[in-house]
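The following exercises introduce a protein chain through worked solutions. Please study the sequence and the structure shown below before attempting each task.

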Amino acid sequence: MNAFEWYNPTKLVFGADKVGQLGELIEPYGKRILLVYGGGSIKKTGLYDDVMFQLREIGATVHELSGVEPNPRLSTVNRGIDICRTEDIEFILAVGGGSVLDASKAIAAGAVYNGDVWDFTIRKAVIQDALPLGTVLTLAATGSEMNGNAVITNWETKQKRGLGSKLVYPRFSILDPKLTYTVPRDQTVNGIVDIMSHVFEQYFTLTTDIPLQERLAESVLLTVIENGEKALEDGTDYDARANLLLAGTYALNGTLPNGVTTDWATHGIEHEVSAVYDIAHGAGLAILFPNWMKYVYKERVSKFVQYAVRIWQIDPAGKSDDEIALAGIEATRAYFTRIGAPATLGEVGIGDEHLERMAEEATRFGPIGSFKLLSQDDVLSILKASL
């Protein structure tokens, strides 16, 4: 196990009807609020009205940034930054899924930076300050509600890059499972894949003697597999939605990677795919991850054997380690297919036109990953296998 330090400053407020605490949670930070949300579903569900009632109760002045895209764009982030500077915003409230939260984090950092917020994504600058922000989560997926990471897309250059800092951790996040009842089936599927993929990036490691971290990761995976299908069968199953929502938080709130060298190569590859084609992140991960697994599993076959037996209950009797590992990978693909996730790039309208460009961009700063260090040629091979 590696040495580590860990601190998570986000206050998690979990449970039914917790939006009623929003006013008291925001009030210490100021009353000039930027409300950030997506395509307007929060207005259809009534959540917008509930949020505005809470903000009126504390006498807040509210400015709005709506229309945040599923892959939040730099242009939208810049609009939010302009509002913050012009209106002297004191606090940012993100209401929505991971894309809304990611855009809000970038806005929080960019609003107090004398330069281009894109600088943070290309390692030209480091976040030194940020406006405080809070979240009301409506989708189980990214874990952005309890971490300091964000990913935004420069649509003009077709680049998707991440930024991160302790300074953009939400001060609080409200998670009400009932707010996820109206999530469309395809978004629920993408969220399931996204959560599982976050765990994969931390579970498949060359770090040894980490039984606690392994069991924690496996428990998140098993919870998602079981409750994901229940939520798809009945979108208003409170317990299934609650378990899925909390699993999404624990998958990426910093618990799982303590003492572990993590990978993140597949996320890096997917970012390039969705930067060019603007597909849903979860859909891209569903396509890529089993192919990454097949490409790298021989680096540590025993980890994939453990995964196959513990997660998918593959019977090892009479099988070689390779056969067990590959059966676990096939079970992963079968689960993704069963819940309705795509299996090939062709299914989402992607051909081979830009594979070389995507492989080059994924390795722009050098080889990626740690389970197996992937060069540009390696990335290209995984993309070709995903066609």
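## Exercise 1: Helix 5

In helix 5, the buried residues are Gly98, Val100, Leu101, Asp102, Ala103, Ser104, Lys105, Ala106, Ile107, Ala108, Ala109 and Gly110. The model in which they are found is a predicted one.

Task: State how many of the 13 residues of helix 5 are buried, and compare the reach of the helix with the expected value.

Solution. Step 1: Twelve of the 13 residues are buried, and helix 5 is therefore described as mostly covered, a residue being buried when its relative accessible area is under 20%. Step 2: Helix 5 covers residues 98-110 and reaches 18 Å from its first C-alpha to its last. Step 3: This reach is close to the 18 Å expected at 1.5 Å a residue.

## Exercise 2: The chain as a whole

Task: Determine whether the radius of gyration of the protein chain agrees or disagrees with that of a compact globule, and describe the make-up of the chain.

Solution. Step 1: The secondary structure consists of 14 helices and eight strands. Step 2: For 387 residues, a compact globule would have a radius of gyration near 21 Å; the protein chain has 20 Å, which agrees. Step 3: The C-alpha trace spans about 70 × 45 × 45 Å along its principal axes. Step 4: Of the 387 residues, 58% count as buried. Step 5: Among contacts with a separation of 6 or more, 79% join residues 24 or more positions apart. Step 6: The accessible surface comes to about 15,400 Å², and carbon and sulfur atoms hold 49% of this area. Step 7: There are 35 positive and 50 negative side chains, and the centres of these two sets lie 1 Å apart.

## Exercise 3: Helices 7 and 11

Task: Identify the helices against which the buried residues of helix 7 pack, and those that help to cover the buried residues of helix 11.

Solution. Step 1: Helix 7, residues 211-233, has 23 residues and reaches 33 Å from its first C-alpha to its last, close to the 33 Å expected. Step 2: Its buried residues include Gln213, Ala217, Leu221, Val224 and Gly228. Step 3: The buried residues of helix 7 pack against helix 6 (185-203), helix 8 (238-251), helix 11 (301-312) and helix 12 (321-339).

Step 4: In helix 11, nine of the twelve residues are buried; among them are Val301, Phe304, Tyr307, Ala308 and Trp312. Step 5: The cover of these buried residues includes helix 6, helix 7, helix 10 (281-296) and helix 12. Step 6: Helix 11 reaches 16 Å, close to the 16 Å expected at 1.5 Å a residue.

## Exercise 4: Positive phi values

Task: Locate Lys158 and Asp209, and state whether each is buried, partly exposed or exposed.

Solution. Step 1: Most residues other than glycine have a negative phi. Step 2: Lys158 is not a glycine, yet its phi is positive, about 55°. Step 3: Lys158 lies in the loop between strand 6 (149-154) and strand 7 (159-164), and its relative accessibility of 26% makes it partly exposed. Step 4: Asp209 also has a positive phi, near 55°; it is placed in the loop between helix 6 and helix 7. Step 5: Asp209 has a relative accessible area of 63% and is therefore exposed. Step 6: Gln313, which follows helix 11, likewise has a positive phi, near 55°.

## Exercise 5: Sequence separation and distance in space

Task: For Asn154, Tyr169 and Ser375, set the separation along the chain beside the distance between C-alpha atoms.

Solution. Step 1: Asn154 lies in strand 6 and counts as buried because its relative accessibility is 9%. Step 2: Asn154 and Pro72 are 82 residues apart along the chain, while their C-alpha atoms are separated by 8.7 Å. Step 3: Beyond residues up to four places away in sequence, Asn154 touches Leu74, Trp118 and Gln159.

Step 4: Tyr169 occupies the loop between strand 7 and strand 8 (172-175), and with a relative accessible area of 10% it is buried. Step 5: Tyr169 and Glu347 are 178 residues apart in sequence and 36 Å apart in space, C-alpha to C-alpha. Step 6: Leaving aside neighbours within four places in sequence, the contacts of Tyr169 include Tyr7, Pro9, Leu133 and Met146.

Step 7: Ser375 is in the loop between helix 13 (355-362) and helix 14 (376-385), and at 29% relative accessibility it is partly exposed. Step 8: Ser375 and Thr363 are twelve residues apart along the chain, with 6.7 Å between their C-alpha atoms.

Terms used:
Residues are numbered from 1 along each chain as its sequence is written. This is a predicted model: local features need pLDDT of at least 70, side-chain atom pairs count only at pLDDT 80 or more; totals for chains, interfaces and linings use all residues. Side-chain values use heavy atoms; hydrogens and water are left out. Helices (H or I, at least four residues) and strands (E, at least two) are DSSP runs, numbered from the N terminus. The radius of gyration is taken over C-alpha atoms; the globule rule is 2.2 Å times the number of residues to the power 0.38. Buried means under 20% relative accessible area, exposed over 50%, partly exposed in between (1.4 Å probe, protein chains only). Contact means heavy atoms within 4.5 Å. Accessible areas come from the Shrake-Rupley method with a 1.4 Å probe; for residues, only the protein chains shown count as cover. Lys and Arg count as positive and Asp and Glu as negative; His and the chain ends are not counted. The place of a charge is taken as NZ of Lys, CZ of Arg, CG of Asp or CD of Glu. The expected span of a helix is 1.5 Å times one less than its number of residues.
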